[in-house]
Each structure stands twice: as C-alpha cells, then as structure tokens.
Amino acid sequence: MNIYRFKDTLNKKFKNFRFILTPAGTALFIISLGVLIRALFTRNAYEIVLTSSALFLMLALGIIGLWNTRKFKSMEPNWKPPFPVTAFSGTNIPGSETFISGFTAFVPLFFRLHFIIRGRFFPFIKTDKYKGIKMRIEESIKRGETSSKININFPLSGKFEGDGFCQLRDIFGLFTFYYGLPQYRTINVRCSPCYGKKTQINAQSGAEDQRNKPAADIERYYMREYTPGDRFRDINWKSSEKIDALITRISTDNQEKISRLEIHFRNFGSVNQDNMEAIWLLDRAKARLTYFLRSLMEQNANYIFDIHSAENVWEIKDADELDVFFEELAVLSFVPPRHEVPASQKSDVYVFSTACDIGLSSFVLANNLRPVTLFLVQPCGGTDTETQEIEYLYLSGFEENGFSSSLKWLRKNIKKLNVQTAKTETFYAQVLLGINRGIKK
C-alpha cells in the first residue's frame, strides 16, 4: 500500500516536469562530461579547459533560462485567430493572420522567444478512435516586440483544437524553456471558397411564405404621410381628403410574399476517417453550397432558406443567421445512409451532394414530381473531365503548413454516380501528392 502512495506522490510532484535540454544539448553535455572525466585521469590540460568551458557555458545558460522562466511563469501570451477562419486563406489576404500578443517579459541576451501553436485538426468528426491530424507551427518573436502575426493555412474545413504557448530558447540550440501559461482554443475552419457562374432562379419557384392571421389583426395598422414607393391600395382616401394630403396605412405585420427555397445538403457517405478523397469531395460540396447561398442572398435579401442536412434543419432569414450557419456547416461530417421520407411540398428543391451518397438516386426518384436542381461533386476519371475544371488537394500542402499527412490518403475507391435530374451541375475534385500548395484549378 505504501508503494502505491509513493507512486502517487511522485506523479503529483513531477506532473509538470519538462526536460529542458534539447537533443543537441543532451549530446554536448554527455560528451563534454565524458571527455572531462577522461582528461582528469590523463591530466590533459587542453581537454580540461575546453570541456570545462562548454559545461560552464551550459550551466550559465541553464541558470539564466530557469531564472527568467520562473520570473515570468504567470505571463499569459494571447493568440487571437481571425473570424471567420477559412481554409488556405493565404498570407497575402489582409486579416487572415493570427494575431499573437502579450510578450511583455524581458528576453535575456543570447536567447530568443518562440510562440508555438500545437494541436489536432479534425476534417472528420472527432470520435474516441479518430484522433485527428497533428499540427504544429511556430513563430520567432523579434527582440523588443510585444506582438506578432502568424499564418495558419488549414488544408480543409473542419475543427481545430489546440493551445498556444511560448518557449525560451538559446541561440546555440542547447536549452528549451516553457514560458508562461498555455492558451487553449477551439476554431471552426470554413471551406476554401469556390467560384463560378451565379445561379439565377425564378423567385416564384420557391414555396410562398403565407401566414394565416385572424381578421382582427388585419385592422391593426398605423398611418403616415405617403412616400414614393408605397402601394396605392394602402392609401387611406378618407383621411387624405380631410387633411388634403395623402395618408398611407402601414400594417404592423408586413404581408409581402416571401419565397422559401428548400435546400438539401446530403452529407451521407462512408464514415471512414482515412478516406481523404471522400472528405475532399464533401469539402467542395460545402464550398458550392456556400457560394450558392451567398449569391442568392446578394440577389434578393427576402429569400428564406430551409436547409436540410442528414442530422439537422436550419431556417435562414438574414445574413447574420447565414453566417452562423456557415460556422456549423464547417464541422459537418459524413453520416451513414438511411431511409428518407420525401417531402409533401411541390416547390423546387436544390440538392448538394457527392459521389459518396449512394442513396441520392432514390431521393431524386422519390421527388420526381418536383423540379430538382442537383449540384454534384464527383471524383476525376474518364474522358468527361478533360474539358472540366478540377479542384485539387495537394498532400504536400499539409507538411508545408505544419500538418501531418499519410500516403494512404492517395487511395482512390470512390466511383462516379450517374444521377438524372431536371438540371444537374457537376463539379470535379481530386487528391494528389503534388508539389503545389493548397487548391489549384
């Protein structure tokens, strides 16, 4: 029993212990100590002076580093990512960098302060078995500066969980000291944008937003002076005749007809987290949906979007709600296929899906009485893609930007879907090893 208590005491005591010597520093210490012991036996004055100087230098650097680390152990350097965070935003886009600040501590001579962001990135939903993709990037802080910027190029949409912390290192690469308190962050990463022709739709194709109200509510209104643009049927002619001015009735509940658009984002597919081709197809489907919604909102702010995914439903009425939806869209992953019940409405339906959606044909067939517009993201292959634009994801971009990668992500086992709808727009995406960064057409 005493042994277990002793182990618990050691674990609590050394829980926050960190080895301060780097591999180079460890090698130098062992070699210098070994040579010094041998020199003392052989009485070699040259080796004694040389090794003693090396050990004295290491001792001095260690004392200075430990003193400054203890002195500023409560320092809290802050890192603030931009909002929103977009995949492969690039260093040339203003406001895309992560701002880091709070470096008020004095940095001694022969030392440099480094800020490290370390954690895991989840392009697929986090589970007990799926631990995500490791990420680590760092920035060296110039002497005398209290803030800096660091760029994080996320390769895909998803969620990042990690912390930012400081390290104090000597210029000889012998010691590493942890500086201050780490700051934990969780970031939703939106998909990189896509471009193309804007979708033009007929406003009458959407379901009409009709609100049934009691007759008493219709009488609730107030009056004001007529202004150009008011409807003539709202003019109160009796009141206008009395005061010799046009008076307009304004209802407290505007009864203008608003078009609702039914949109289905079908994130059905394999739950294999290592299938990067499938994850890339889903990412591009998110990009197409984002571009579609933004374009329509710019054309007509009165649209209401009823968006259905595999697990949730959203009603989007304005730009603020749309921005909130984009944050939730960023972390959507694949869901196993299931049986679906077709909707009873007869209005147009807009569907965004990928080649991983094996139930897409059944969904289209179940809605054969409705005009269906399909936006489908397919893998490359065959002669039909020779004249089409292809969006590539290069695995080299992972390593170049501090993310781990795997060659097994190059496996391609997704077949194209052959789905017939009233209107289909097909887009192509592919994963390559490559030597380029990010997305290229």
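Which residues are linked in a network of salt bridges? The network joins Arg-260, Asp-306, Glu-315 and Lys-317. A salt bridge here is a side-chain nitrogen of Lys or Arg within 4 Å of a carboxyl oxygen of Asp or Glu.

## Model and confidence

This is a predicted model, in which local features need pLDDT of at least 70, side-chain atom pairs count only at pLDDT 80 or more, and totals for chains, interfaces and linings use all residues. Residues are numbered from 1 along each chain as its sequence is written, and side-chain values use heavy atoms, with hydrogens and water left out.

The pLDDT is the predictor's confidence in each residue, from 0 to 100. The protein has an average pLDDT of 78, and 79% of the residues score at least 70. Confidence is highest in helix H7, with a mean of 91, and lowest in helix H4 (residues 215-218), with a mean of 41. The pLDDT is below 50 over residues 4-15, a stretch with zero contacts beyond near neighbours in sequence; contact means heavy atoms within 4.5 Å. Residues 208-220 also have a pLDDT below 50, but this stretch has 13 contacts beyond near neighbours in sequence. Where pLDDT is low, the predicted coordinates should not be read in detail.

## Helix H7

Helices (H or I, at least four residues) and strands (E, at least two) are DSSP runs, numbered from the N terminus. Helix H7 covers residues 319-329, and its buried residues are Leu-322, Phe-325, Phe-326, Glu-327 and Leu-329. Buried means under 20% relative accessible area, exposed over 50%, and partly exposed in between (1.4 Å probe, protein chains only). These buried residues pack against helix H6 (276-299) and against strands S8 (176-190), S12 (259-265), S13 (304-308) and S14 (313-316).

At the N-terminal end of H7, Asp-318 acts as a cap, with a side-chain oxygen 3.2 Å from the backbone nitrogen of Asp-320.

## Salt bridges

The whole structure contains 13 salt bridges. Glu-138 takes part in one with Arg-136, at 3.9 Å from N to O, and in another with Arg-169, at 3.0 Å. Arg-169 lies in strand S7 (residues 158-170) and Glu-138 in strand S5 (residues 133-141), so this pair ties together parts that are 31 residues apart in sequence. Arg-169 is buried at 19% relative accessible area, whereas Glu-138 is partly exposed at 34%.

Asp-357 and Arg-266 form a further salt bridge, their closest N and O atoms being 2.4 Å apart. Asp-357 is in the loop between strand S15 (349-354) and helix H8 (360-366), and Arg-266 is in the loop between S12 and H6, 91 residues away in sequence. Both residues are buried. The charged end of Arg-266 also sits over the ring of Phe-363, 4.7 Å from its centre; this requires NZ of Lys or CZ of Arg within 6 Å of the ring centre and within 35 degrees of the ring normal.

## Aromatic pairs

The structure holds 17 aromatic pairs. Rings of Phe, Tyr and Trp (its six-membered ring) pair if their centres lie within 6.5 Å; planes under 30 degrees apart count as stacked, over 60 as edge-to-face and the rest as tilted. Phe-175 and Phe-177 are stacked, because their ring centres are 5.7 Å apart and their planes lie at 10 degrees. Both of these residues are buried.

In contrast, Phe-325 and Phe-326 form a tilted pair, with 6.0 Å between the centres and 50 degrees between the planes. Ring pairs also link Phe-121, Phe-154, Phe-160 and Phe-403 into a cluster.

Conventions:
Polar contact = N/O pair within 3.5 Å; in protein donor to acceptor, adjacent residues only side chain to side chain.
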